[in-house]
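Let's walk through this model sheet by sheet, then look at a few ring contacts. Keep the viewer open as you read.

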Amino acid sequence: VRASLPGARSRGDEPPPIAPPLGVLYLSAAVREFARLRHEISVSDLGMDCEGEAEALGLIAGRRPDVLGISANTVDEPTVHLLAKYSKIIDPECRVVVGGPITTALKSILLEKDPFIDIVALHEGEHTLPELLDTLAMGGDPAIVPGLIVRRPDGTPLMTPRRPFVADLDSLPFPDWDMISLREYGDLCNCNEFPMRTDVYAPIFTSRGCPWRCIFCHNHFGRKARTRSAANVLDEISMLVERHGVGEIHIHDDIFNVDPDRLVEICDGIVGRGLKIHIAFPNGVRADRLTRTQLEKLRAAGCYHMCMAFETVTPRLQRMLRKNLDVQKVLENARIASELGIVTACFVMLGFPTQTRDEIMDTIETVAESHFDFMRLFVSCPHPGTELFDLAVANGFDPSRIPPRTFEYDWARTAVNCTDLPDEEFRRLTNLCQERFLTNPARLERLRRIHERFGIPFKG
């Protein structure tokens, strides 16, 4: 089960983005490929399959699983606890296993807080889950399986030996796309947050991990970038196009362009195989490592939309965050991308610990005058388990000010102020950031042309 917000697909005029559950589908394929025993698998995405909390619980009751696997982000914590408790009410013998980024952040805290959670799976699960299911099916002790935190008989957590990250990503099977209907996701707000150009799209990972050490990252895939071969990526894209009718690919890598030669090989391969697809990068790229040649290759391969992670223009904060981005290079690449016809969006974060009003204004003015077409404004939220959380607390931030996570919690709308500025002034600055960006006359004209190009009414 992916513990996305139940009823997300029908939340009025502003539903949160919801994309196919890529991680869960990788796990489903891995169980089929690597488990020694046969296991009956079902996959659910609560944001798609349930209209609310009651239906989510009804889904568990209807299936009565022997093992309930819950994949979750940190903001999904209340859903995790609810599903765990309810599954035990339905069947006290059900084993509840939690995985996903939430476990990287909270680790044993999940077991300590919730007596209904039996096992926490850390980091990648493609080899851990099949081994765990085989062990449980044979009546074995899950404590022998690497990569877990299990509950001892006395209730305390026990961490099993660490499981290495998957070194050869080509050895993993493609996600189990037959478990869902890709077409049903096509007309929903998705992580790209830009109108779809085709009825069917699919998210993919072509790499895992990132060598940079940004302090706001959960580091779920590790600090070393591991890449799939260009041939393996092209085979997956071909399969998605030919078997599932996919016309658009969303690349969700943390750093797709970590290997410039592989980037060129993938782009040339898409063109060489005659794959008529559209490509978007909703998770962003390391924008200061791009060159004009690479952007031209991406455009030729079908790239039409790209997010560039920007965060802040302040050199001091770039160092503090360990982002260490060449801001001027990012701005230049946004201009080049716009020239080539690639729609760009920047990620901006406000509200870091120690950030001053002048530093916020520098970012606001720079982004407002940039060539970016869209902006995603985030308020810095120090999630537990990240270095940003520790830094915020060390600078006097009260973690109880983080809004409680409920079924109405939405990470994109969370307002947290880690600066020393009064809350009201900080809110005014975030509003000003949006206002300055959206009222730039050159950007408005560019947006009018973009909407015309994509056949979307422009409201101005």
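**Two sheets and some rings**

Start with the open sheet of five strands, ordered S1-S2-S3-S4-S5 with mixed pairing. Its edge strands are S1 and S5 (157-159), each of which pairs on one side only. Direction ignored, neighbouring strands here are turned by 20 degrees against each other on average. For the bookkeeping, strands (E, at least two residues) and helices (H or I, at least four) are DSSP runs numbered from the N terminus, and two strands pair if DSSP finds at least two bridges between them. Angles run from 0 to 180 degrees between N-to-C directions, with axes being lines fitted to C-alpha atoms, for helices over the stretch in contact.

Before going on, remember that this is a predicted model: local features need pLDDT of at least 70, side-chain atom pairs count only at pLDDT 80 or more, and totals for chains, interfaces and linings use all residues. Residues are numbered from 1 along each chain as its sequence is written, and side-chain values use heavy atoms, with hydrogens and water left out.

Back to the sheet. S1 (residues 67-71) runs parallel to S2 (residues 95-99), joined by five bridges, and Gly69 has Val97 as its bridge partner in S2. Along S1, Leu68 and Ile70 point to one face and are buried, while Val67, Gly69 and Ser71 point to the other and are not. Buried means under 20% relative accessible area, exposed means over 50%, and partly exposed is in between (1.4 Å probe, protein chains only). Over at S4 (residues 148-151), three bridges make an antiparallel connection to S5, where Leu158 stands opposite Val150.

The other sheet is open too, with six strands in the order S6-S9-S10-S11-S12-S13 and parallel pairing. S6 (201-204) and S13 stand at its edges with a single partner strand each, so each has one side without a neighbour in the sheet. The average turn between neighbouring strands of this sheet is 15 degrees, direction ignored. Helix H17 packs on the sheet and touches S11, S12 (343-350) and S13, its direction making about 130 degrees with that of S12; contact means heavy atoms within 4.5 Å. Inside the sheet, S9 (residues 248-251) and S10 (residues 278-285) pair in the parallel sense over three bridges, with His278 in S10 as the bridge partner of Glu248.

Now for the rings: the structure holds five aromatic pairs. Rings of Phe, Tyr and Trp (its six-membered ring) pair if their centres lie within 6.5 Å, and planes under 30 degrees apart count as stacked, over 60 as edge-to-face and the rest as tilted. One of the pairs is Tyr304 with Phe454, tilted at 5.8 Å centre to centre and 55 degrees between the planes. Tyr304 lies in S11 (residues 303-311) and Phe454 in H17 (residues 441-454), so this pair ties together parts that are 150 residues apart in sequence. Tyr304 is buried at 0% relative accessibility, and Phe454 is buried with 17%.

Another pair, Phe310 and Phe372, is edge-to-face, with 5.9 Å between centres and 85 degrees between planes.

How far can you trust the coordinates? The mean pLDDT is 91, and 93% of residues reach 70 or more; pLDDT is the predictor's confidence in each residue, from 0 to 100. Residues 406-412 stay under 50. Where pLDDT is low, the predicted coordinates should not be read in detail.
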